[in-house]
Each structure stands twice: as structure tokens, then as C-alpha cells.
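Here is a quick walk through one protein chain, from the overall fold down to a few single residues. Have the sequence and the model open as you read.

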Amino acid sequence: MTDHSSTEGSRDVLATAVRTLTGRPPVLVDARHFMTGGTGRITRAAIPEVGALRLEVPAEGIAVTAEAVLVYEVPPHRRRDFEAFQRLLRDHGARSLGTDAEAWRTATEKDLTVERFVRDGIPHMPTLTLSRPSPEAAAEAFDRLGGDVWARPTVGMGGSDVFHITTGAQLAAAARHYAEAGTDWLIARDAANFAPDGRRHQYRVVVLDGRVVRAVEHVQANPDAPCNECRGAVSTLLEEGELPGGLAELAVAATKSLGLPLAGVDLAAENGGVVFEANVHPVFGSVGGLETVAVPYAAAHLGPW
Ligand SMILES: Nc1ncnc2c1ncn2[C@@H]1O[C@H](COP(=O)(O)OP(=O)(O)O)[C@@H](O)[C@H]1O
Ligand SMILES: [Mg+2]
């Protein structure tokens, strides 16, 4: 089950993973039918199999008996509309790693993520949340963090609407941008995540059930651009043992703090290791994403429950 308005492509990779594991194609259902305002229905299937469910969208002629429900590629800004259905999935005993609405919300809304990290002692750069601040309040927060910060919307993805800010004029422009978008935002002290060659770099570590299944390094030539692949960062798959010491443990701890069974954790090695965010549905990655993440994630739904 994915949001079929999303073009990110994870749905196809997951379908391949399911076919690889079961020899059968999965039924692809649009998650939007089960969001607020949708007409999708869920009931327990009238077969003895544990956890089997009936998913129906009568208006679309969809009626599926599901042994397991893989939920993926639900965009961050749609997740609140999916929460009621997540609770129904859980109440119906679905075999699914995607039923914890609270964990999704804490990871998706980055002000909540930071609060949780503070509670659990997960290292991150000092961060302040701003909600339509006055110019004075924004300037005060900027000064408190040392005048070299990154601004992010509380809900976002792919490095969109993320700005490196070192001047009052840039701060004012960012404040206008977020006010126009009607969104709250965060500013965090710059992680100074520079490699010896002067380029920005960081890591994406994917954790499944408390274990690192994939680690990638992102290198960004533009020091003012986020280290997201879609913003021009170059990504390299790391072998086991190539991740700087402590980062695997930090990614696992961050994932556990948020309560996610799967997460793609963005983190930098500088400052003793700091977490930027944890992605609920990390993009699988074109090199090895199927084998390293999609297959074990799908297998976790199909094994003993
Ligand atoms: N404090 C910071 N120092 C350095 N880079 C940062 C900082 N905060 C954000 N970034 C950069 O911006 C990127 C995007 O922020 P992130 O929280 O990962 O949001 P998303 O990827 O969902 O847009 C980070 O992965 C990182 O490259
Ligand atoms: Mg990110």
C-alpha cells in the first residue's frame, strides 16, 4: 500500500522484493483510499489464517484478502491523514511494520523528533523551533545558535526548503519563505560536516529491527546545499566496517528512540556524531537498495509473526 500520487518509485522496488520472496506478485493498493475522506474499508477476513484482512474499496471494485500489509511511500505531509487507518490496521492485528502512528508522527514532524532526541539523549545539533516568529525573535534565536545555522521546515523531504543561513538578510528571506508557505520551521547550528577535501559529507544509515542493513556516504560539492541526492550530493554504498565508529550504534539508538521498526537515519560524524533526521520510508537507492533494504523489509512481514 503506497500513495499512488507519489513518483518516487519505491512501490516498484517493493513489489519486486515481494515477488522475489513469494513467487507471487503483490496487490498494489492506493493508500489514498484509506486516508481521511477515502472510502476504503477494513475487516477481518473470514479465513482462519492469523492476521489475514479484507481490504475493500467498493467504488473502485477493489476487494483484497491480505496476509500482510506493506505500507510505504506515504509522503510526509499526508501521514496525519493516514493515522486513523494505521490504528485500524493495528486493532485488526495486521501483519505490518507500518501501524505505529505515533512513531511515524514523531519522526515526520521534526520539532517532535528533536524533543524526543532531547528526552532520550540522542546527539543532534542544538535546534530551536520557530512558528511565525517576529523579526526580533528570529534574530535572537539565530544569535543564540551562533549565527551559522540550517533552516528546515518541520515537515519536509528531499532537502526542499532547506537553507544554510549565515546573514541577517538570509534569515529574513527564510522567515518570509516559511511564512508564505504557512509552515513552522527549525534552525540548527551548522554541523561543520566537512571532509578533509573541504566538501560537505554525511551518512544515510538504514536500520531494520535494530540492525544496520545499509550505509551510504553522501558528498556535496556546494557547501550551502543540503547533502540530499536530489540536491546534487553524490552517494556511495559503504561496505560493512566503512562507517565511522559509533555511527551504526547512533543510528540504531535514534531509530529506537523514535519507535520505528525501519528508518533511514541521516547523520554526520563531526561533533562526535549527530543525527539530522530519521526517514520513515527511506528511498531504497538505485545501487543495491532492493537487496539491502526492500527484500529484508518485505521478509520481516512474511516470516514468523
Ligand atoms: N545543522 C545542520 N548542519 C549541516 N547540514 C544540515 C543541518 N541541518 C540540515 N542539514 C542538511 O540539510 C539536509 C536536509 O535536512 P533533513 O533533516 O535531512 O531533511 P530532509 O532530507 O527531509 O529534507 C540534511 O540531511 C543535511 O544535509
Ligand atoms: Mg534527510
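Among contacts in the protein with a separation of 6 or more, 63% are between residues 24 or more positions apart. Keep in mind that this is a predicted model. Its secondary structure adds up to eight helices and 12 strands. Of the 305 residues, 42% count as buried.

What about overall dimensions? Along the principal axes, the C-alpha atoms fill a box of roughly 65 × 45 × 35 Å. A compact globule of 305 residues would have a radius of gyration near 19 Å, and the protein has 20 Å, so the two agree.

**Helix α8**

Let's start with α8, which covers residues 289-302. How far apart are the end C-alpha atoms of this helix? They are 19 Å apart; at 1.5 Å a residue, the 14 residues should span 20 Å, so the value agrees with expectation. Even so, α8 has a kink of about 30 degrees at V295, and the proline P296 comes shortly after that point.

V295 is also one of the buried residues of α8, a list that runs G289, T292, V293, A294, V295, Y297, A298 and H301. Which elements cover them? The cover includes the helix α1 (10-22) along with the strands β8 (200-208), β9 (211-220) and β11 (262-268).

**A helix pair: α3 and α4**

Next up are α3 (residues 101-108) and α4 (residues 110-120), which pack with their axes 5 Å apart and at an angle of about 100 degrees. Angles of 65 to 115 degrees count as roughly perpendicular, so α3 is roughly perpendicular to α4. On the α3 side the contact is made by R105, T106 and A107, and on the α4 side by L112, T113 and R116.

A little earlier in the chain, R90 sits in helix α2 (residues 83-91). R90 has 14 other C-beta atoms within 10 Å, so it counts as partly exposed. R90 and D100 are 10 residues apart along the chain, with 7.8 Å between their C-alpha atoms.

**Two positive phi values**

Two loop residues are worth a look for their backbone angles. E73 is not a glycine, yet its phi is positive, at about 55 degrees. You'll find E73 in the loop between β3 (62-66) and α2. Is E73 buried or exposed? It is buried, because 21 other C-beta atoms lie within 10 Å.

R132 is the other one: its phi is near 40 degrees, again a positive value in a residue other than glycine. R132 belongs to the loop between β4 (127-130) and α5 (135-144). With 13 C-beta neighbours inside 10 Å, R132 is classed as partly exposed.

S134 is found in that loop between β4 and α5 too. With 9 other C-beta atoms within 10 Å, S134 is exposed.

**W150 and its surroundings**

W150 is placed in strand β5 (residues 149-153). It counts as buried because it has 21 C-beta neighbours inside 10 Å. Which residues does W150 contact, leaving aside its neighbours within four places in sequence? They are V162, H164, I187, A188 and D190.

**N222**

Further along, N222 lies in the loop between β9 and β10 (234-237). N222 is partly exposed, with 13 other C-beta atoms within 10 Å.

**Some distances side by side**

Here are a few C-alpha to C-alpha separations, set against separation in sequence.

| Pair | Apart in sequence | C-alpha to C-alpha |
|---|---|---|
| R90 and D100 | 10 residues | 7.8 Å |
| S134 and V162 | 28 residues | 20 Å |
| N222 and V274 | 52 residues | 20 Å |
| W150 and F85 | 65 residues | 34 Å |

Two residues in the table have come up together already: V162, listed with S134, is one of the contacts of W150. F85, in turn, is 34 Å from W150 in space.

Methods: Residues numbered from 1 in each chain as written. Chains lettered and ligands numbered in written order. Predicted model: local features only at pLDDT ≥ 70, side-chain atom pairs only at ≥ 80, totals over all residues. Helix = DSSP H or I, 4+ residues; strand = E, 2+ residues; numbered from the N terminus. Expected span 1.5 Å × (residues − 1). Bend = angle between axes of the 7 residues up to and from the residue. Buried ≥ 20, exposed ≤ 12 C-beta atoms within 10 Å, placed from the backbone. Contact = placed C-beta atoms within 7 Å. Rg over C-alpha atoms; globule rule 2.2 N^0.38 Å. Axes fitted to C-alpha atoms, helices over the stretch in contact; angles between N-to-C directions. Parallel < 35°, antiparallel > 145°, perpendicular 65-115°, else oblique.
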